[in-house]
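Have the sequence and the structure open side by side. The text below goes from one group of rings outward to the cores, the strands and the overall fold.

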Amino acid sequence: MEKLGREQASAPVAACRQPFVEFVDEMVERVDEQDRVVAVVGRGEAVRHRWLHRIAVTVCRDREGRILVQRRSEHLARFPGHYEVVSGGAVAVGESYEEAASRELAEELGVQAPVRFVVKFLNRDGLSPHWLAVHEAVLPGDPNPDPDEVIWHGWLSESELLRSMEENLFTPGSRDTLSHYFAAAERPAGRP
């Protein structure tokens, strides 16, 4: 798989022009500071009012341990042309974090792979505050991302990824998410 090359790094990247982007009318669970459900609301409403809700994402690795990096399509309303280190999205009403992570992998990358929970934290970056559950999956092969959403993808070692994050525009919260993921993944088994 090709690495993040000069042509990807130097391609023009449009900034997110809208402070608020309307979401497809998906229903989510509004939650409190302890991640307890308080209401069912539309995701757009949750973002607009900055209500806490749940998001599930997955860091994808290959069998050599490299991490999948994707570049978002230029025509997407949120963070067009930005690079991304996770795949994921909103947790639907009644859905677990793990179920959402698996569903999003299939929808966004066209892959079925078991996901393993790594860490959950209150994330105040991005469009709206949310509880973010980070998972990990080892993909059995190359993904088949939705071409309307992903215009490039490649596998990077951890050191290549960290260097790339210094040189390229990544989605808001990418560094923080990766930091939580690395810290939690390095804990000895059985320790919180």
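Are Tyr83 and Trp152 buried or exposed? Both Tyr83 and Trp152 are buried. Keep in mind that this is a predicted model.

Start with the aromatic rings. The whole structure contains 3 aromatic pairs. One of them joins Tyr83 and Trp152. The ring centres of Tyr83 and Trp152 lie 6.0 Å apart, and the planes meet at 80°, an edge-to-face arrangement. Tyr83 belongs to strand 5 (residues 83–84) and Trp152 to strand 9, so this pair ties together parts that are 69 residues apart in sequence. Tyr83 also pairs with Phe170: the centres are 5.6 Å apart and the planes stand at 40°. A pair with planes over 60 degrees apart would count as edge-to-face and one under 30 degrees as stacked. At 40°, the pair of Tyr83 and Phe170 is therefore tilted. Phe170 sits in the loop between helix 4 and helix 5, while Tyr83 is in strand 5, so the pair ties together parts that are 87 residues apart in sequence. Phe170 is buried, as is Tyr83. Together, Tyr83, Trp152 and Phe170 make up one aromatic cluster.

Now look at Val69. Beyond its neighbours within four places in sequence, Val69 contacts each member of that cluster: Tyr83, Trp152 and Phe170. Its other contacts of this kind are Glu84, His153, Gly154, Leu156 and Leu161.

Which residues have the most contacts inside the largest nonpolar core? They are Val69, Val134, Leu161, Phe170, Leu178 and Tyr181, in a core of 27 residues. Several elements supply at least two residues each to this core. On the strand side these are strand 3 (54–61), strand 4 (67–72), strand 7, strand 8 and strand 9 (150–156). On the helix side they are helix 4 (158–167) and helix 5 (174–185). Helix 5 gives the largest share, 4 residues. Another core lies apart from this one. That other core has 19 residues, including Cys60, Val115, Ala133 and Ala137. In soluble globular proteins, nonpolar side chains tend to be buried together.

Next come two hairpins. Strand 7 (residues 116–123) and strand 8 (residues 130–138) are antiparallel partners, paired over 7 bridges. Phe121 stands opposite Leu132 of strand 8. The hairpin of strand 7 and strand 8 leaves 6 residues between the strands. In that turn, Gly126 has a positive phi of about 85°.

The other hairpin is built from strand 1 and strand 2. Strand 1 and strand 2 (residues 37–42) run antiparallel and are joined by 5 bridges. Here Arg30 faces Ala39 in strand 2. The hairpin has 5 residues between the strands, and Asp35 takes a positive phi near 65°.

Stay with strand 1 and find Glu29. Glu29 lies within strand 1 (residues 27–31). Why does Glu29 count as buried? Its relative accessible area is 11%, and buried means under 20%. The Glu29 side chain has polar partners. One is the side chain of Arg54, in a polar contact at 2.8 Å. Another is the backbone nitrogen of Gly94, which the Glu29 side chain reaches at 3.0 Å. Setting aside residues up to four places away in sequence, Glu29 touches Val37, Ala39, Leu52, His53, Arg54, Val93 and Gly94. Ala39, then, both touches Glu29 and stands opposite Arg30.

Asp148 offers a contrast in setting. Asp148 is placed in the loop between strand 8 and strand 9. Its relative accessibility is 49%, so Asp148 counts as partly exposed. Apart from neighbours within four places in sequence, Asp148 contacts Ser73, His75 and Leu76. The C-alpha atoms of Asp148 and Glu108 are separated by 9.8 Å, with their positions 40 residues apart along the chain.

Finally, step back to the whole protein. The protein has 5 helices and 9 strands. From the N terminus, the order is α-β-β-α-β-β-β-β-α-β-β-β-α-α. Of the 192 residues, 52% are buried. Among contacts with a separation of 6 or more, 64% link residues 24 or more positions apart. The accessible surface comes to about 9,600 Å². Carbon and sulfur atoms account for 50% of that surface.

Technical notes
Residues are numbered from 1 along each chain as its sequence is written. This is a predicted model: local features need pLDDT of at least 70, side-chain atom pairs count only at pLDDT 80 or more; totals for chains, interfaces and linings use all residues. Side-chain values use heavy atoms; hydrogens and water are left out. Buried means under 20% relative accessible area, exposed over 50%, partly exposed in between (1.4 Å probe, protein chains only). A polar contact is a pair of N or O atoms within 3.5 Å; within protein, one must be able to donate a hydrogen and the other to accept it, and residues adjacent in sequence count only if both atoms are side-chain atoms. Contact means heavy atoms within 4.5 Å. Two strands pair if DSSP finds at least two bridges between them. A nonpolar core is a set of buried Ala, Val, Leu, Ile, Met, Phe, Trp, Tyr and Cys residues joined through side-chain atoms within 4.5 Å. Accessible areas come from the Shrake-Rupley method with a 1.4 Å probe; for residues, only the protein chains shown count as cover. Rings of Phe, Tyr and Trp (its six-membered ring) pair if their centres lie within 6.5 Å; planes under 30 degrees apart count as stacked, over 60 as edge-to-face and the rest as tilted.
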